[in-house]
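Subject: Handover of a structure and findings

Dear colleague,

Please find below the sequence and structure that I am handing over to you. My findings follow directly after it.

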Amino acid sequence: MYRIGFVGTGPDPEQPDTDGYAMAYRHATGYRRLDDCDIVACADIVPENAEAFARRQDVDAEHVYEDYRRMLERADVDVVSVCTPPSTHHDIVVGAARSGSVEAIHCEKPLATTWGDAQEMVDVCEAEAVQLTINHQNRFGGPFTTARELLESGRIGALRRFEFGHTTLYDMGSHFFDLCHWFNDGTPAEWVLAQVDYTEENRMFGTHNENQAIAQWHYENGVYGLASTGRGDGFLDCLFRIVGTDGEMEIGGDGGALRLRRDGAGWRTVDTGGDGVWGPTGGTFGTILRRVSDRLAERLEGPTFIERGIADAVDALGTDREPRLIARDALPSQELIFAAWESVRRRGRVELPLEVTDNALDSMVEEGELLTSPQ
């Protein structure tokens, strides 16, 4: 039996915003589905949040903490879910890994707020033999797994290009850059060229994100990537496009969860096993169900992408194999983000691997190099 502890429970999960999504509650349903997991402890710097989570998850009051370090000392946990804002991930993950009492850590994305911290998190966990996974849960979603299978089977020919449009390069971009890496069989990227607009302060989960960005990047096997975010995310009529020599696929948008066309022919919808882009039954219905009852939602819609990722991470821990969401495999997506911001700072193309270890966007905003109010 694995004893599960949570760091960062968050506020009311039914009222998410850019200060927090209370991801601990979404992680918790994943562990509750598993017979070999028991949620035994939680920690949050806001006591009321930790207490509310403990009541929902049947955690004994003696194992509700404000300081995660005290939880690690007293609660004897095997697995830690880190559901705090990105700026705290590094210290918590490194601290948990070095505590000597933890076998695995499942951490929210993005890894960290600097490239150096992201790398150190992975290096320390590997040195301490602690399994670190990152919640890039889309790797378990039907539209994405089906698209990958079709791509591997040659359905649209040889891979040529990825395109995506969404809110930011950092927060949501973390997912999409990760999918590019996964779809491209882990091929390293060679360079990144980007520009951003930051005319208004835009903090999400306490971290700077651009108002708009355009980024292009290139992989060693000749595949390109193109992303547009924020005010420019409408350049695509879908969320994610995969272009091959003989056709293309689109995920999200008017075409539904996944559609494909070959050789200039018309689009056809692809079966994704009942999954929408954001989860089973299209995501929105699932969210409504969960507001009524977490367990009712589980019974009617099956496991969410997050729950599938947690199940895989726990199974990997017990079978001594590498989980699909292993943290080292998440580093390339984070490198592209930080390299894009570094490209803005340099006003030119950035060759990879990325050598700077800070966060160029943070530095530029704090030093007044980017406009923070309309001129």
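Helices (H or I, at least four residues) and strands (E, at least two) are DSSP runs, numbered from the N terminus. This is a predicted model, in which local features need pLDDT of at least 70 and side-chain atom pairs count only at pLDDT 80 or more, while totals for chains, interfaces and linings use all residues. Residues are numbered from 1 along each chain as its sequence is written, and side-chain values use heavy atoms, with hydrogens and water left out.

The chain as a whole

The protein chain contains twelve helices and 17 strands. Its radius of gyration (taken over C-alpha atoms) is 20 Å, close to the 21 Å of the globule rule for 375 residues, so the chain is as compact as a globular protein of that length. That rule is 2.2 Å times the number of residues to the power 0.38. The C-alpha trace spans about 60 × 50 × 40 Å along its principal axes. Of the 375 residues, 59% are buried; buried means under 20% relative accessible area, exposed over 50%, and partly exposed in between (1.4 Å probe, protein chains only). Counting as contacts heavy atoms within 4.5 Å, 67% of those between residues at least 6 apart in sequence join residues at least 24 apart.

Helix α7

Helix α7 (residues 173–183) is mostly covered, with eleven of its eleven residues buried. Among them are His175, Phe176, Phe177 and Trp182. Their cover includes two helices, α6 (142–152) and α11 (331–346), together with the strands β7 (159–166), β11 (212–219) and β13 (240–244). Aspartate 185, just after α7, takes a positive phi of about 55°.

Cavity and pocket

On a 1 Å grid over the protein atoms alone, a cavity is a set of points where a 1.4 Å probe fits but cannot get out, and a pocket is an open set with protein on both sides within 12 Å along at least five of seven lines; lining residues have an atom within 4 Å of a point. Grid points are joined across faces, edges and corners, and a volume is the space filled by probe spheres set on the points.

The whole structure holds one cavity of 30 Å³ or more. The largest cavity encloses about 70 Å³, and α10 gives the most to its lining, with four residues. Residues lining this cavity include Tyr31, His106, Gln131 and Ile310. By class, the lining has eight nonpolar, three polar and no charged residues; Ala, Val, Leu, Ile, Met, Phe, Trp, Tyr, Cys and Pro count as nonpolar, Asp, Glu, Lys and Arg as charged, and the others, Gly among them, as polar.

The second largest pocket has a volume of about 300 Å³. Of its 17 lining residues, Ala129, Val130, Gln131, Leu132 and Ile326 lie nearest its centre. Helix α5 supplies the largest share of this lining, three residues. Here the classes are ten nonpolar, one polar and six charged.

Backbone details

Two cis peptide bonds deserve a mention. One runs from lysine 109 to proline 110, with omega near -20°, and proline 110 sits in the loop between β5 and α5. Another joins leucine 352 and proline 353, with omega of about 10°.

Aspartate 76 has a positive phi near 55° and is partly exposed, at 48% relative accessible area. Arginine 347, in the loop between α11 and β17, has a positive phi of about 60° and is exposed, at 70%.

Yours sincerely
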